Amino acid sequence: MNSEFIIAVHSLVLLAHKPDGMASSEEIAANVCTHPARVRKVLGFLRKNGYVTTREGSGGGYRLCIDPSDMTLADIYRTMAAGAITPNWCSGNPEMDCMVGSNMQEVMNSVFCGAEKQLESYFQGITIGQMLSRIKACQKT
């Protein structure tokens, strides 16, 4: 899983928590515990994909433009991190004489493809609104 996905989910949950649904990149970055430039990069992807809008100038920032109960982690995963669990390298070589070495890449690719589908399926059942509810439940304990 990449950090952009984590920053995106954290930022969207924070915006859902804000009464007016708006916060500056500096405010979000302080809450996420990262640099505002990283937040702006991630929120730029989210803006391009229609999850947030921006308002320039004093009092500006990022605002949710989709209801948090309609935004799933699968949506955000596909936007920010699709393919993130697939390794960049796999052992073996299809040209090898060995049955194991020549087929390992194909088999591992199918394993990771299946894992990614299961992850997306799991994420499909969790909304940004539910994430906020879970956080509120943690605060009460």
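**Salt bridges in close-up**

Four salt bridges are present in the structure. The model shown in these views is predicted.

**View A. Lys18 and Glu27 form a salt bridge.** The closest N and O atoms of Lys18 and Glu27 are 2.4 Å apart. Lys18 has a relative accessibility of 21%, so this residue counts as partly exposed, since burial requires a value under 20%. Its partner Glu27 is also partly exposed, at a relative accessible area of 34%.

**View B. Glu26 is paired with Arg40 in a salt bridge.** Here the closest N and O atoms lie 3.6 Å apart. Glu26 belongs to helix 2 (residues 25-32) and Arg40 to helix 3 (residues 36-48). With their positions 14 residues apart in the chain, the two link distant parts of it. Glu26 counts as partly exposed at 48% relative accessibility, a value that does not reach the exposed class because that class begins over 50%. Arg40 is partly exposed as well, with a relative accessible area of 36%.

**View C. Arg78 and Glu120 form a salt bridge between two helices.** The closest N and O atoms of this pair are 2.9 Å apart. Arg78 sits in helix 4 (residues 73-80), whereas Glu120 sits in helix 5 (residues 99-124), so the contact ties together parts that are 42 residues apart in sequence. Arg78 is partly exposed, at 39% relative accessibility.

**View D. Asp75, Arg78 and Glu120 belong to one network.** The three residues are joined by salt bridges that share partners. The Arg78 and Glu120 pair of View C is part of this network.

Methods:
Residues numbered from 1 in each chain as written. Predicted model: local features only at pLDDT ≥ 70, side-chain atom pairs only at ≥ 80, totals over all residues. Heavy atoms only, no water. Salt bridge = Lys/Arg side-chain N within 4 Å of Asp/Glu carboxyl O. Buried < 20%, exposed > 50% of the residue type's maximum accessible area, 1.4 Å probe, protein only. Helix = DSSP H or I, 4+ residues; strand = E, 2+ residues; numbered from the N terminus.
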